[in-house]
Structure formats: C-alpha cells, structure tokens
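The exercises below are to be worked with the sequence and the model side by side. Each task is followed by a solution that goes step by step.

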Amino acid sequence: MATPVWSATPREQVIQVPGFADFLAVDGDTVWATNKGRVERWSRRGKLAEVAMARPCGAMTVAFGSLWVADCTALSVNRIDLRTATITATIPTGVANPKGELNVVAGAGSIWVASDVAGTVARIDPATARVAASVAVDPGTFYLSFGMGALWAVSAAGQSLQKIDPVTNSVVHRTALGREPGFLVAGEGAVWVQEQGDGTVVRVDPVSGDVSGRVKVDATLAYGDIDAGGGKVWLRTTAGQTFVVIDPASLAITARVGQAAGSGALRYTRAGLWTSAHDAHTLSWWKKPGRIGN
C-alpha cells in the first residue's frame with residue numbers, strides 16, 4: 001500500500017549557505033549550524049553570527065545560555081555564549097568518533113558527550129566547565145539523547161541502546177538493536193533509534209527498555225537525523241525524500257516530504273522545521289509542522 005502523503009506539499013524556504021552546513025541546534029527563532037571551520041547562527045533572513053573553530057562536528061545542544069559543540073580536531077567541547085557569539089570555555093573531553101557522527105546533549109544539570117571509542121561518556125559540569133564524571137559504556141558508543149529522566153546512548157558496533165541513570169552515572173539497561181544503529185531521540189513517549197543498516201526506526205519503551213515496534217522507512221538510513229515533537233517523529237533521510245513523518249502511536253508513515261537532498265540534519269520547533277543539506281549548501285525552513293502528515 002502506498003505511503004500516505006500530505007495533500008499539499010509544505011512550503012519550503014531555502015536559504016543558501018556557503019560551505020558545508022550540517023548539524024543543527026535551535027536557539028529560539030534562530031538556528032546554529034556547523035560548517036567548515038566555524039559554527040554559524042542563522043535566521044530566516046540570513047546569517048547573524050559565526051564563531052571560528054578548528055573542526056566543529058556532531059549534533060550540538062543549547063543549554064545554560066550557551067551553545068555546546070564538539071571539536072573533532074581539538075578533541076574537546078566548546079562553550080559559546082549565545083549573546084556574544086564567543087567561546088567562553090574549552091573543555092578537553094576527548095571525542096569518541098573524530099569522524100564527526102556524534103551528539104553533545106544536555107540533561108540532569110549537565111552536558112554529555114561520548115568521549116572515548118573504547119567506551120566512555122564524559123559528563124560536564126556547566127558551572128565549572130570541567131568533566132565531573134566519566135560513564136563506562138559499550139565500545140563504539142557515539143550517539144546520545146537525554147529524555148524521560150535518563151541519558152540514552154547507542155553503540156553502532158555493539159548494536160545496543162543503553163539507558164544511563166544520571167544519579168549513579170551507570171548503565172542500568174541494554175536493548176539489542178538492528179544493524180548499524182545511529183542517531184536517536186527520546187521524546188513522544190519513547191526512545192526512537194535509526195537502524196541505518198536495516199532502513200528502519202525502532203521504538204523502545206523508556207521504562208521496560210523493550211522494543212515496542214519498528215517501521216520500515218527506506219532500504220537504508222545512512223546518516224540523516226531524527227527528532228520528535230508536536231505529536232510526531234521527524235526523520236531526515238538521504239534517499240527518496242528530504243524527511244519522513246512517523247505517527248508515534250501507530251508507527252504509520254504519514255508523510256514523505258521534499259526531494260532527496262543527500263545527508264543533513266533536522267530540528268523541530270512548533271513554528272517550523274529546520275533541515276540542512278550540506279551537499280546542496282542550503283538550510284530549509286518548513287512552516288506549520290502541525291499540518292504536515294495529518
């Protein structure tokens with residue numbers, strides 16, 4: 001049966017971004033994007049600021065009045081003041097995946113980053129800008145998300161989702177995953193993980209840790225991105241379309257939107273959806289996400 005699609009194609013505002021705009025972090029009505037040798041802040045009207053870095057990499061997070069972004073050359077995390085667009089701290093954490101596929105996330109009053117391919121997540125105290133704890137995880141753990149009271153970590157090599165208790169700084173549950181698991185998000189009542197090698201998205205119950213469903217999206221889901229919000233799961237894809245909308249309850253794909261634009265990132269806001277397409281050198285804004293996939 002054909003996948004349902006939105007009856008009218010959502011309007012896409014395309015913004016030309018020279019370089020290699022990739023990972024995104026929302027800051028109110030604006031968005032930060034990693035680029036070659038810099039991170040940039042964009043609005044729908046154009047670029048507002050840029051901050052030079054050696055090699056910004058991975059998904060960023062906005063928390064504690066700052067942007068937190070990994071540097072895959074310096075093997076550190078930089079703290080950037082949102083008002084002044086200046087680096088205010090550099091924390092030598094190590095970076096588990098210097099190729100750049102990883103996340104910096106915020107939760108439980110801390111910043112978290114996968115810091116060693118052998119199996120370590122660093123917990124940063126934003127008050128001191130220092131590593132306050134190290135969490136032992138499965139080797140090859142790169143991908144993180146915080147939600148529903150826990151830090152969630154994915155090891156592609158181990159094909160595992162790990163639930164980390166921020167009180168004890170330890171793994172309290174593991175869930176077996178499919179081939180080449182990657183980016184994930186904790187939201188809309190579950191933990192959602194790309195199984196990139198299988199072309200599926202898996203839904204995991206946050207309490208039991210059990211797999212509660214899977215949805216087949218494409219032949220593969222290499223790279224791309226995932227987010228949740230507004231009663232939907234949003235999946236940036238690399239083939240077939242720009243992004244896919246999944247109903248979190250039924251696991252139905254309710255929309256396939258846009259033209260295939262290669263790899264990139266995606267972030268949801270109530271006002272609109274941001275996507276990047278680094279090979280096309282663009283950011284896109286898709287307004288009224290509440291109407292997409294209904």
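**Exercise 1.** Determine how β2 and β3 pair, and then follow β3 to its other partner.

*Solution.* In this predicted model, β2 and β3 pair in the antiparallel sense over four bridges, and L24 stands opposite A33 in β3. The two strands form a hairpin with two residues between them, where G28 takes a positive phi near 65°. Turning to the partner that follows, β3 pairs with strand β4 (residues 38-43), again in the antiparallel sense, over five bridges; here the bridge partner of V31 is W42. This hairpin too has two residues between its strands, and G37 in the turn has a positive phi of about 75°.

**Exercise 2.** Decide whether the residues of β3 are buried or exposed, and sort them by the direction in which they point.

*Solution.* Taking buried to mean under 20% relative accessible area, one finds that six of the six residues of β3 are buried, so that the strand is mostly covered. Sorting by direction, T30, W32 and T34 point one way, whereas V31, A33 and N35 point the other way, and residues on both sides are buried.

**Exercise 3.** Find the disulfide, describe its geometry and place its two cysteines in the chain.

*Solution.* The structure holds one disulfide, formed by C57 and C72, whose sulfur atoms lie 2.1 Å apart. With 90° about the S-S bond, the link is right-handed. The pair joins distant parts of the chain, since C57 belongs to strand β6 while C72 sits in the loop between β7 (66-71) and β8 (76-81), 15 residues apart. As for accessibility, C57 counts as buried because its relative accessibility is 5%, and C72 is likewise buried, with a relative accessible area of 6%.

**Exercise 4.** Establish the strand order of the open sheet that contains β10, and examine one pairing within this sheet.

*Solution.* The open sheet has four strands in the order β10-β11-β12-β13, with antiparallel pairing. Its edge strands are β10 and β13 (130-136), each of which pairs on one side only, and the twist averages 30° from one strand to the next. Within this sheet, strand β12 (residues 120-125) pairs with β13 over six bridges, and R123 has A133 in β13 as its bridge partner.

**Exercise 5.** Describe the largest pocket and the second largest pocket by volume, lining and residue class.

*Solution.* Begin with the largest pocket, which holds about 430 Å³ of space. Of the 24 residues that line this pocket, T61, V105, S145, D227 and R267 are the closest to its centre. Several strands each supply at least two lining residues, among them β2 (24-27), β6 (56-63), β10 (104-107) and β14 (141-147). By class, this lining has 18 nonpolar, three polar and three charged residues.

The second largest pocket has a volume of about 310 Å³ and is lined by 20 residues, of which F20, D22, F23, R55 and P56 lie nearest its centre. Both β3 (30-35) and β6 supply at least two residues of this lining, and β6 gives the largest share, three residues. By class, the lining of the second largest pocket has six nonpolar, nine polar and five charged residues.

To close, which strand contributes at least two residues to the lining of the second largest pocket besides β3? The strand is β6, which also supplies at least two residues of the lining of the largest pocket.

Key
Residues are numbered from 1 along each chain as its sequence is written. This is a predicted model: local features need pLDDT of at least 70, side-chain atom pairs count only at pLDDT 80 or more; totals for chains, interfaces and linings use all residues. Side-chain values use heavy atoms; hydrogens and water are left out. On a 1 Å grid over the protein atoms alone, a cavity is a set of points where a 1.4 Å probe fits but cannot get out, and a pocket is an open set with protein on both sides within 12 Å along at least five of seven lines; lining residues have an atom within 4 Å of a point. Grid points are joined across faces, edges and corners, and a volume is the space filled by probe spheres set on the points. Ala, Val, Leu, Ile, Met, Phe, Trp, Tyr, Cys and Pro count as nonpolar, Asp, Glu, Lys and Arg as charged, and the others, Gly among them, as polar. Two strands pair if DSSP finds at least two bridges between them. Axes are lines fitted to C-alpha atoms, for helices over the stretch in contact, and angles run from 0 to 180 degrees between N-to-C directions. A disulfide is a pair of cysteine sulfur atoms within 2.5 Å. Buried means under 20% relative accessible area, exposed over 50%, partly exposed in between (1.4 Å probe, protein chains only).
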